[in-house]
Amino acid sequence: MLEFFRSRKDSYVLKGFLGLIALSFGIWGVGDFMGASSLAPGIFLKAGKAQLPTPLVQRRFDSELNRFRDAMGGRAIPDDILKRSVMSTMMEDLNRSIVLDAAAIDIGISVSREELRDTIMNNPTFQRDGTFSQMQFDQVLTENRLSEAGYVQLAETDLRSSALMQPTAANAE
């Protein structure tokens, strides 16, 4: 095939064809780069109607990075390798999570405000002496560098994904 192109390198038809290919790639490539992104500002990852905001992903990355550093017990690992490793693992989790959430939204699984509130209030992490503690809730969120809205969004996503996976888990038993 290369011989065919080389033998006709002076052909105006071939030059025109290759010019059109180059022009089309240039227009699409520059158009994608310069044009409006399909993601709204502040959205890191999107699948269907499910979205992950950039600040939430950044906080999760920082948290995972710190957790990994703590787990390594002070062993020297080059920072770029450490960050790439954490980002790779985190992206796999985020992709799986966003696809499950998009599927749950697509089939109409929704989480009521009451269900969301009950799940948060019954979480032992946020309880003191067996009852929900707003102070404990705020402290845990602060330690994990999460806003309340960010945590509520994560909890809602988890509940939707769990509801989607429940029939699968029940059939597996």
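**Exercise 1. Placing D101**

In which helix is D101 found? Determine also whether D101 is buried or exposed, and list its contacts beyond its neighbours in sequence.

*Solution.* The model under study is predicted.
Step 1. D101 is found in helix 4, the helix that spans residues 79-106.
Step 2. The relative accessibility of D101 is 3%. Buried means under 20%, so D101 counts as buried.
Step 3. Neighbours within four places in sequence are set aside; D101 is then in contact with A50, T157, R160 and S161.

**Exercise 2. The chain as a whole**

Describe the order of helices and strands along the chain, and state what share of its residues is buried.

*Solution.* Step 1. Count the elements: the chain has 7 helices and 4 strands.
Step 2. Follow them along the sequence, where the pattern reads α-α-β-β-α-α-α-β-β-α-α.
Step 3. Turn to burial: 24% of the 173 residues count as buried. The chain exposes about 12,200 Å², and 59% of that area is supplied by carbon and sulfur atoms.
Step 4. Consider the contacts with a separation of 6 or more: residues 24 or more positions apart account for 57% of them.

**Exercise 3. The two sides of helix 6**

Identify the buried residues of helix 6 and explain how they are arranged around its axis.

*Solution.* Step 1. The buried residues in helix 6 are Q136, F137, V140 and L141.
Step 2. These residues cover an arc of only 130° around the axis, and therefore they lie on the same side of helix 6.
Step 3. A general rule applies here: an α-helix has 3.6 residues a turn, so residues three or four places apart point the same way.
Step 4. The face turned away from the buried side of helix 6 carries the exposed residues M135, T142 and E143.
Step 5. Beyond the helix, R145 follows helix 6 and has a positive phi, near 50°.

**Exercise 4. The largest pocket**

How much space lies in the largest pocket, and which helix gives the most to its lining?

*Solution.* Step 1. The largest pocket holds about 530 Å³ of space.
Step 2. Its lining comprises 23 residues, and the closest to the pocket centre are R60, L146, Y151, L154 and D158.
Step 3. Two or more lining residues come from each of helix 3 (54-71), helix 4 (79-106), helix 6 (134-143) and helix 7 (148-172). Helix 3 gives the most, with 7 residues.
Step 4. Sorted by class, the lining has 12 nonpolar, 6 polar and 5 charged residues.

**Exercise 5. M121 and D129**

Establish the setting of M121 and of D129, and decide for each residue how exposed it is.

*Solution.* Step 1. M121 lies in helix 5, which covers residues 113-121.
Step 2. Because its relative accessibility is 33%, M121 counts as partly exposed.
Step 3. Not counting residues up to four places away in sequence, M121 touches Q127 and F132. M121 and F132 are 11 residues apart along the chain, and their C-alpha atoms are separated by 5.3 Å.
Step 4. D129 lies in the loop between strand 3 (127-128) and strand 4 (131-132).
Step 5. The relative accessible area of D129 is 83%. Exposed means over 50%, so D129 is exposed.
Step 6. Although D129 is not a glycine, its phi is positive, at about 55°.

Methods
Residues are numbered from 1 along each chain as its sequence is written. This is a predicted model: local features need pLDDT of at least 70, side-chain atom pairs count only at pLDDT 80 or more; totals for chains, interfaces and linings use all residues. Side-chain values use heavy atoms; hydrogens and water are left out. On a 1 Å grid over the protein atoms alone, a cavity is a set of points where a 1.4 Å probe fits but cannot get out, and a pocket is an open set with protein on both sides within 12 Å along at least five of seven lines; lining residues have an atom within 4 Å of a point. Grid points are joined across faces, edges and corners, and a volume is the space filled by probe spheres set on the points. Ala, Val, Leu, Ile, Met, Phe, Trp, Tyr, Cys and Pro count as nonpolar, Asp, Glu, Lys and Arg as charged, and the others, Gly among them, as polar. Buried means under 20% relative accessible area, exposed over 50%, partly exposed in between (1.4 Å probe, protein chains only). The arc is that of the directions from the helix axis to the C-beta atoms. Contact means heavy atoms within 4.5 Å. Accessible areas come from the Shrake-Rupley method with a 1.4 Å probe; for residues, only the protein chains shown count as cover.
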